[in-house]
Amino acid sequence: MYIETVKLENFRNYSCCEVKLKPHLNVFRGSNAQGKTNFLESIYLSSIGKSPKTTKEKELILWGKDRAKISIKIKKQYHEQTIETILNTNINKSIKINGLNIRKIGDLIGEMPIVYFSPEEIGLIKEGPADRRRFMDIDISQINKSYFYLLCRYEKVLSQRNKLLKESKNFDILKETIDLWDEQLADIASKIIYYRLEFIEKIKTPAKEVHLNITANKEVLEVAYQGIRLKNQKEIYEKLLSYYRSSLRKDFDFGYTTIGPHRDDIEITINGIDVRNFGSQGQQRLATLSLKVAELVLFEKVLGEKPILLLDDVLSELDVKRCKNFLNEIKDYQTILTTTKFSRNLDEESAIFNVKNAIIEEKV
Ligand SMILES: Nc1ncnc2c1ncn2[C@@H]1O[C@H](COP(=O)(O)OP(=O)(O)OP(=O)(O)O)[C@@H](O)[C@H]1O
Ligand SMILES: [Mg+2]
């Protein structure tokens, strides 16, 4: 799958722009504050249904205007598809696939799968576990819609359990009433954990191989799920229930649920050393890139279509050799990459676009 055209009207700093993309590498090159990241954001929004940067959709509309539109034409293996997103200042956005309005974001997710990486995503390694969970959650949702709906239900049931914990005055009464919530929560949570374990299991070997290739066999990358690691969903369910029971006193004192998938993490090591705490900037960045490449491979296997890779200014910290090896790993996937400078030779299915003050021109 690849994007053929992107058309923007009143989106961020673009008043009107149409770009025809190439099936392989598309380099968006330009000085700071010209509109490179904004362009990627429009694609992300069309795929995930929300911006990676803001929850305030008004911010996405060109200042002084009240309506913005993004139209994306995609070429899939057997058919073409259009995704249109219309943003308004005072009503909720609407999204159309092939001209038909979708009712919920779940209908959009997975239609145009993307793998996205921006400097903020380095948080995946460096920052708290919340970023690493977000990485898993967005990406598993794209290949497994029921996972997306499980997450929505989990949030609801979790907040109801937390409300009960916070509002209960008497521990003994709480003990009697919380069982029903615990069973519901454990049921959803065990499925989430099961899918996450399966996801990590599937990306860990390709990530390790890609990382070895890029680092010329110098670095062994290992990833593992940090949480309950049982193979069977029923066992995870039982374990969670027993945890809820044994930590109820603590949960009651804190006023929220202290265990479960909303607290889990991913362990990432290079040559046995925890990259989260001890990796260099370049190592952290490359570890994340290797995970992203592993996802490309997994998405393709599961969906039968190649996903699109969006890279916002991420090559600057890689040395020349690693950068070249990395570009070689992703050469078969449509990649849209932003950078302030780029001067490599490209194949004919690739192109460099100069971005200047919201005007995009292909370099010829
Ligand atoms: N709603 C909006 N309307 C008009 N302009 C906007 C809007 N939102 C953001 N901008 C402007 O768009 C400009 C370009 O932003 P963008 O993040 O795309 O730059 P960039 O080319 O990625 O730069 P850098 O190389 O620094 O990352 C910014 O100067 C910002 O002020
Ligand atoms: Mg930028």
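Of the 364 residues of the chain, 40% count as buried. The model is predicted, and the stops below proceed from the whole chain to its domains, core, ligand and selected residues.

**The whole chain**

Display the full chain as a cartoon: eleven helices and 15 strands are present. The radius of gyration is 22 Å, close to the 21 Å that the globule rule gives for 364 residues, so the chain is as compact as a globular protein of that length. With the C-alpha trace shown, the extents along the principal axes are about 75 × 55 × 40 Å. If contacts are drawn between residues at least 6 apart in sequence, 72% of them join residues at least 24 apart.

**The two domains**

Next, colour domain 1 as residues 1–113 + 305–364 and domain 2 as residues 129–302. The centres of domain 1 and domain 2, taken over C-alpha atoms, are separated by 29 Å. In the contact between the domains, domain 1 supplies 18 residues and domain 2 supplies 20 residues. On the side of domain 1 that touches domain 2, select helix 11 (residues 320–329), which gives the most, with four residues. The class composition of that side of domain 1 is ten nonpolar, three polar and five charged residues.

**The largest nonpolar core**

Which residues have the most contacts inside the largest nonpolar core? They are I43 and L310, in a core of 92 residues. Select helix 6 (residues 179–214) to see the element that gives the most to this core, with 15 residues. Domain 1 (1–113 + 305–364) and domain 2 (129–302) both give residues to the core, so the core lies between them.

Centre the view on L310. Apart from residues up to four places away in sequence, L310 touches L40, I43, Y44, I114, Y116 and I336. I43 thus appears again here, as one of the residues that L310 touches.

**The surroundings of ligand 1**

Now select ligand 1 and the 17 residues around it; N13, N32, K36, T37 and N38 come nearest. Which helix gives the most to this shell? Helix 1 (residues 36–48) does, with three residues. Colouring the shell by class will show four nonpolar, nine polar and four charged residues.

**Two positive phi angles**

Select N10, which is found in strand 1 (residues 2–11). N10 is not a glycine, yet its phi is positive, at about 55 degrees. Is N10 buried or exposed? With 20 other C-beta atoms within 10 Å, N10 is buried; the cut-off for a buried residue is 20 or more.

Move on to A216, whose place is in the loop between helix 6 and strand 9 (221–226). A216 also has a positive phi, of about 50 degrees, although A216 is not a glycine. A216 has 10 other C-beta atoms within 10 Å and is exposed, as the limit for an exposed residue is 12 or fewer. To follow a link across the sequence, draw the distance from A216 to K321: the two are 105 residues apart along the chain, and their C-alpha atoms are separated by 9.2 Å.

**The loop at I259**

Select I259 in the loop between helix 8 (248–254) and strand 10 (265–270). I259 is partly exposed, with 18 other C-beta atoms within 10 Å. Residues up to four places away in sequence aside, I259 touches Y243 and S247. Add L240 to the selection: I259 and L240 are 19 residues apart in sequence, and the C-alpha to C-alpha distance between them is 8.2 Å.

**E300 in helix 10**

The final stop is E300, whose place is in helix 10 (residues 281–303). How many other C-beta atoms lie within 10 Å of E300? There are 16, and E300 is partly exposed. Leaving aside neighbours within four places in sequence, E300 is in contact with E305, K306 and P307. Finally, draw the distance from E300 to Y333: these residues are 33 apart along the chain, with their C-alpha atoms separated by 9.9 Å.

Key
Residues numbered from 1 in each chain as written. Chains lettered and ligands numbered in written order. Predicted model: local features only at pLDDT ≥ 70, side-chain atom pairs only at ≥ 80, totals over all residues. Near = placed C-beta within 6 Å. Nonpolar A, V, L, I, M, F, W, Y, C, P; charged D, E, K, R; others polar. Core = buried A, V, L, I, M, F, W, Y, C linked by C-beta atoms within 7 Å. Domains from an automatic or database assignment. Contact = placed C-beta atoms within 7 Å. Rg over C-alpha atoms; globule rule 2.2 N^0.38 Å.
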